[in-house]
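Hi everyone, thanks for coming. I'd like to walk you through a structure this morning, so please have the sequence and the model open as we go.

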Amino acid sequence: MVEYKLVDFRTFGDNRGNLVTIEAEQDIPFKVNRVYYIYGSEKEIVRGKHAHKELEQVIFCASGSCDFILDDGKERVTVHLDKPNQGLYIKNNIWREFTNFSEGCVVMVLASNHYDEADYIRNYDDFLKFAKENY
Ligand code: T46
């Protein structure tokens, strides 16, 4: 089974709408060092296509929906994200691709580390080799 977790964030709703909280090291298992977001991707575009050696992330659609394809070198699973108060936790060493973006989709990402291109494995065969050697 590909390892991932869906995390339900605390949501305070009333007749004014909803307020969602995400506490670092409480609701999610790491200190957040970086936040980035992605919007304006057409439905059929495929983003990602890489793994991370160390980085952990929690990902959610603040608006709209998309599909995350996760691959641990042995299996692939597709996770549909469509709730602004539910995050997908992905640990390091998982190949990810994401696609099937809805109109107006905004993908928010909370990351455990600052941006470091050296942490990326952008070639699938290199990922399989790294996964075999390290796990
Ligand atoms: C991931 C998925 C979910 C930066 O300069 N700083 C940053 O913090 C990030 C995330 C990207 N960049 C630059 C690097 C590239 O020149 O932005 C450009 C686009 O990045 P990339 O092609 O890696 O974007 P995605 O959407 O394929 O992947 C991103 C994250 O990079 C990745 O860590 O897990 O979102």
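**A walk from the loops to the ligand**

Let's begin with Asn100, whose place is in the loop between β10 and β11. Before going further, a word on what you are looking at: this is a predicted model, in which local features need pLDDT of at least 70 and side-chain atom pairs count only at pLDDT 80 or more, while totals for chains, interfaces and linings use all residues. Residues are numbered from 1 along each chain as its sequence is written, and side-chain values use heavy atoms, with hydrogens and water left out.

When I say strand or helix, I mean DSSP runs numbered from the N terminus: helices are H or I with at least four residues, strands are E with at least two. Asn100 has a positive phi of about 60°, although it is not a glycine. At 25% relative accessibility, Asn100 counts as partly exposed. For that scale, buried is under 20% relative accessible area, exposed is over 50%, and partly exposed is in between, using a 1.4 Å probe and protein chains only.

Asn93 also has a positive phi, near 65°, and is not a glycine either. You'll find Asn93 in the loop between β9 and β10. Is Asn93 buried or exposed? Asn93 counts as buried, at 5% relative accessibility.

Lys91 lies in the loop between β9 and β10, with β10 covering 95-99. Setting aside neighbours within four places in sequence, Lys91 is in contact with Glu3, Leu55, Glu56 and Arg96; contact here means heavy atoms within 4.5 Å. Thr78 is 13 residues away from Lys91 along the chain, and their C-alpha atoms are separated by 16 Å.

Now to the aromatic residues on the outside. Tyr135 sits in the segment after α1 (124-134), and Tyr135 is exposed, with a relative accessible area of 59%. Leaving out neighbours within four places, Tyr135 is in contact with Lys53, Asn92, Asn93 and Phe130, so we meet Asn93 again because Tyr135 touches it, even though Asn93 itself is buried at 5%. The C-alpha atoms of Tyr135 and Gly73 are 10 Å apart, with their positions 62 residues apart along the chain.Tyr39, found in strand β4, counts as exposed too, at 61% relative accessibility. Beyond neighbours within four places in sequence, Tyr39 is in contact with Cys105 and Val106. Tyr39 and Gly104 are 65 residues apart in sequence, yet 7.2 Å apart in space, C-alpha to C-alpha.

Next, the inside. In soluble globular proteins, nonpolar side chains tend to be buried together. A nonpolar core, for us, is a set of buried Ala, Val, Leu, Ile, Met, Phe, Trp, Tyr and Cys residues joined through side-chain atoms within 4.5 Å. Which members of the largest core touch the most other members? They are Phe68, Leu70 and Val107, out of 17 residues. At least two residues of this core come from each of β6 (57-63), β7 (66-71), β8 (76-81), β9 (86-90) and β11 (106-111). β7 gives the most, with three residues. A second, separate core has nine residues, including Phe9, Val58, Phe60 and Tyr89.

Phe68 deserves a click: outside its neighbours within four places in sequence, its contacts include Ile59, Val77, Leu88, Arg96 and Val107.

Staying with strand β7, we come to Asp71. Asp71 is buried, with a relative accessible area of 2%. What does the side chain of Asp71 make a polar contact with? Its partner is the side chain of Arg76, at 2.8 Å. A polar contact is a pair of N or O atoms within 3.5 Å; within protein, one must be able to donate a hydrogen and the other to accept it, and residues adjacent in sequence count only if both atoms are side-chain atoms. Not counting residues up to four places away, Asp71 touches Val2, Arg76, Ile94, Trp95, Tyr124 and Phe127.

Finally, the ligand. Of the 13 residues around the ligand, Arg34, Arg47, His52, Gln57 and Tyr120 come nearest; to be near, a residue needs a heavy atom within 4 Å. A polar side-chain atom of Arg47 lies 2.7 Å from a ligand oxygen atom, and one of Arg96 lies 2.9 Å from a ligand oxygen atom. For Tyr36, an N or O atom of the side chain is 3.2 Å from an oxygen atom of the ligand. The protein covers 68% of the 650 Å² of accessible area that the ligand has on its own, by the Shrake-Rupley method with a 1.4 Å probe; for residues, only the protein chains shown count as cover.

β4 (34-39), β5 (47-52) and β10 are the elements giving two or more residues to the shell around the ligand. The largest share, four residues, comes from β5.
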